[in-house]
Amino acid sequence: MTKPKSKLEDSKPVWLIFYCLFGLGLFLTMLLQGADIALFNPKGLIAGEQRNLIILTTVVMLLIAVPTIFLFYFFAWKYRETNDKATYDPHTRHGKLFMFTVWAIPSVFMVVLGSIMWTSTHKLAPQKPIASDVKPLTIQVVATRWKWIFIYPEEKIATVNFVQIPIDTPVTFQLTADEAPMSSFWIPHLSGQLYAMTGHVNHLNLMADTSGDYPGSSAEINGAGFAGMKFIARVSSKTIYDSWVQDIRTNSSSLSSTEYDRLISPSENNPAAFYALAETDLYDKVVMKYSGSHDHQANDDQTDNNHAQNHHMEHE
Amino acid sequence: MKEFLLGKLDGHALPHEWFTIGGSVAFVLLGLFVVLVLTRLKRWKWLWNEWLTSVDPKKIGIMYFLAAGFMLVRGGLDAIMIWLQQAISVDGSQGYLSADHFQQVFTAHGNIMVFFVAMGFIFGLINYIVPLQIGARDLASPFLNTLGFWLYIAGILMINMFFLLGGEYAATGWLAVAPLSGPEFSPGVGVDYLIWSLQISGVGTTLGAINFIMTILKMRAPGMTLWKMPLFTWGSLCSMIMAATVFPLLTATLFLLFLDRSFGTHFFTTGGGGDPMMYTNLIWMWGHPEVYILVIPAYGLFGEIVSTFSRKRVASYTANVLGLIGVSVFALSVWLHHFFTMGAGADINSFFGLMTIIIAVPTTVLVFVWIATMYKGRIRFTNPMLWFLGFMGVFATGGISGVMLGFPPADFQLHNSLFLVAHFHSNVIGGVLFGIFAGITYWFPKIAGFKLNQRIGRYAFWCWIAGFCLSFIPMYILGLMGATRRLDHYDSSTGWQPLYVMMLVGGFVIATGVALQIVQIIASAIEKRRLRDTTGDPWDGRSLEWATPSPAPFYNFAAIPQVTSRDAFWEMKKQGLPKPVYEDIVMPKNTAAGIYISILAFLAGFGFVWDIFWLAGLSILGIIICVIVRTFNEHTEYTIPAAEVEKLEEARARATKAADAHKVADTGEDMGLREFIKVVLKWAWDVIRNKRWRTW
């Protein structure tokens, strides 16, 4: 084991590791040429802030991690048994100063990171409306097995697995689910995800700043059709958006209750579909359906209704 | 009548997919082979008396290793199946698995790796090493320990039943989150298999944890105060206290889920006033500490390895112990970071985010202490040390990505993506698994009596490192590209496929690493005489386990050592080992009660899975009777007189001397791969030419 080796031979593996990592990096760069790294290619305000935060925290952490890891491997190499020049002192004493330093350095970093976190979490809370001069748009989202239903209450249209929003306009997605397990609503280019759950409404605010089609999906597993539960989020100018709404309102069939029941029954890999909205309170009915009644039917009883309303408010 | 006798069980349940049939056939053939060998060698009695009913923590430890090693291969196959599916299922292609089967595979992969591989190995190490390190002859309650082990085995059996006997496994992800796991969305028996597998082995973990807390607190050698305990024992103590704290929570949560599924209650259902969010909270209150239960013993043993192989005492014992305690305390208060995305307000999210990054403080302290330990040491790059060095790189990646995920706004983007999956694999492979490998190579001479082949060990190590980079670096990138986890198919327009293929290649490299580890053990056994450890102290160790011969006798210490300082054995070596004074030794008797109770627990679980309620009821009654009978058994110990101990010790000393005389001169390098293949081929040729199978 302790065969003496020349210094060059000793450091060979170190270089080999370095070359391998470099090669892997090069290979990956080649592989990723032209690829769309969604999280670093944000198309909206929130996603942009989130990307900046990810980069900022990584940089702050690298400030402590790089020297630490370097020191770790440097010492491991320097104080190797075969290195006769390194001092060996088994009685090195580490006093109070050492104790203080090892706790102080990470603590300082954590205070810095902690303050970044506290402010950014409050600033980027998904339920917080985005300040803007433009009138915000509300879209109600129902996760079903296994498709996304989007209801535009003011525009009086509904879509399946396709959502279109105007550019530079704050959008509030009100997320809930119907006859579906917890699902997670995620459009990586525009904003982070939030869960859609039966009987609850979660609010996700975002604002797009570039036109285009962006993929959206359910990030949380919710059964057999999970991987196919995808949708397109299209960002367009306000005029195109308006004519799109107009087109659906006039040319699409209306979303009747039988059609809605068909939608919430399980089916996989569904194409996009468009409807004119017949009942404006469809979404409220969906949310109230789960307000404590033992059968799974919507309950029009007045007391129940009030209860549901309160329940609804609690989670806003 | 049939319904009463067999519940939901019928012919449709039998395996009918190619991989379930393949699995059943492989399992049955393996079982037949073992039965055949045991019968041929007339070893049944030996197996029962010496191993299965043994209460010796060393033997139970080895049985844990064997079971966990077997499950590592089983769970590894699942991993390859997952990656294979994801590498080929693009656009119109559904791959070779249906969505449902794919989901069952990754659910089983998660459950197996966490409960039956990582937990198994960690419990194996604790069983074997902790009593030796604290200078104890046995455990506070040897019976609880064997019961815990056999419940773990019953859990293993239960999780494999779905393809041995039939039915299906849960398709819900390893935590079976509600309401997906409820009767409404998962009507099959899959989730029931999951519940009862985890329930049975989880109870075993709780019992084992209580036993080890008692053992560490009450059975230490005279003079060993808490602040003189070796670091691995400290890590184990922290880990076991956490396990005893949170595992009852898992039991309760799964019990409520069971009530929902089997008796129509509404704890976690969407309707009827149930609250699925409660399940998410409860399961993560257990689930997050669980990861730390696995990694804290590894932190402890890394402290010992770096100290031993740097030939220095650990730089700051106090900082190290406080670091371990700090991690375990904070780990209990961060569970909500697993679901920032469920919609809690900014205040709640930032609180749990803060707690999460605070954990990084004690962890960083541990790293600093390890660095300071290496400073001015004389470092030997043995295999355990290699695993430690590899751990650092991988674990640092996991740590950095972990802190990123601890920021709620960043987590909204990274959660449920492959970035998250890559993060926790960095921690669990880098921290837990590499820690386990370091521990096993470190203590192998103590366990088997000979050192492991270092050369093939190095090959295995580099395969693991290379395979890890190939698999998980692309996985991080895929996460950043917006790929969610658990996808059974995706579009080629996403540009993800090359990365998925790379992950599969990495998976094969890791599999090669595992194969090399098996080869390593065989090659070491072939060279046993050269690698034999006759001193009991092959690494120039520092703690008490090295004061015993390798392998340690069943009573561990002929005379209980007197501890005066940290690094107890190091001090003893400096001051000269005292001549032992022999005394009567009281040892626990073997018992089969643990096996009987576990069989009954398995039957009860099986009854509940298939709604065979008479079976479940009878089995539970049987368990109660077994426990009562065992409780009133007062003859659970026997005494070895001092004279007998002396005789045993002398016989051992003679045997060691003889072995020393026969020891083949250490010729430097260990057997390489080429030489190993040569030896195996030669042996095979010898068998064929001389028709040796006739004498078998």
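Reader: How many residues do chain A and chain B each bring to their contact?
Author: This is a predicted model, in which local features need pLDDT of at least 70, side-chain atom pairs count only at pLDDT 80 or more, and totals for chains, interfaces and linings use all residues. Residues are numbered from 1 along each chain as its sequence is written, with chains lettered from A and ligands numbered from 1 in the order in which they are written. Two residues are in contact if their C-beta atoms, placed from the backbone, lie within 7 Å. The contact takes 75 residues from chain A and, from chain B, 76 residues.

Reader: Which element supplies the largest share of the side of chain A that touches chain B?
Author: Helices (H or I, at least four residues) and strands (E, at least two) are DSSP runs, numbered from the N terminus. At least two residues each come from α1 (7–31), α2 (45–78), α3 (96–123), β7 (191–196) and β9 (212–218) of chain A. The largest share, 14 residues, is that of α3(A).

Reader: Which strands stand at the edges of the open sheet in chain A, and why is one side of each left without a neighbour?
Author: Strands pair if DSSP finds at least two bridges between them. The open sheet has 7 strands with mixed pairing, in the order β8-β5-β1-β2-β3-β12-β11 (chain A). One side of each edge strand has no neighbour in the sheet because each has a single partner strand; the edge strands are β8 (202–206) and β11 (254–255) of chain A.

Reader: Which residue stands opposite Gln140(A) in β2(A)?
Author: Strands β1 (residues 137–144) and β2 (residues 147–152) of chain A run antiparallel and are joined by 5 bridges. Opposite Gln140(A) in β2(A) stands Ile151(A).

Reader: What is the bridge partner of Asp213(A) in β10(A)?
Author: β9(A) is joined by 2 bridges to antiparallel strand β6 (residues 183–187) of chain A, where Trp186(A) stands opposite Ser217(A) of β9(A). 6 bridges join β9(A) to strand β10 (residues 230–236) of chain A, also running antiparallel. In β10(A), the partner of Asp213(A) is Arg234(A).

Reader: Which helix gives the largest share of the largest nonpolar core?
Author: A nonpolar core is a set of buried Ala, Val, Leu, Ile, Met, Phe, Trp, Tyr and Cys residues joined through C-beta atoms within 7 Å, where buried means 20 or more other C-beta atoms within 10 Å of the residue's own. Of its 300 residues, Val141(A), Tyr193(B), Phe302(B), Val369(B) and Phe388(B) touch the most other members. The largest share, 22 residues, comes from chain B, residues 99–133, helix α5.

Reader: What ipTM and pTM does the model score?
Author: The scores apply to the model. They are ipTM 0.91 and pTM 0.93.

Definitions and conventions:
A residue is buried if 20 or more other C-beta atoms lie within 10 Å of its own, exposed if 12 or fewer, and partly exposed in between; C-beta atoms are placed from the backbone.
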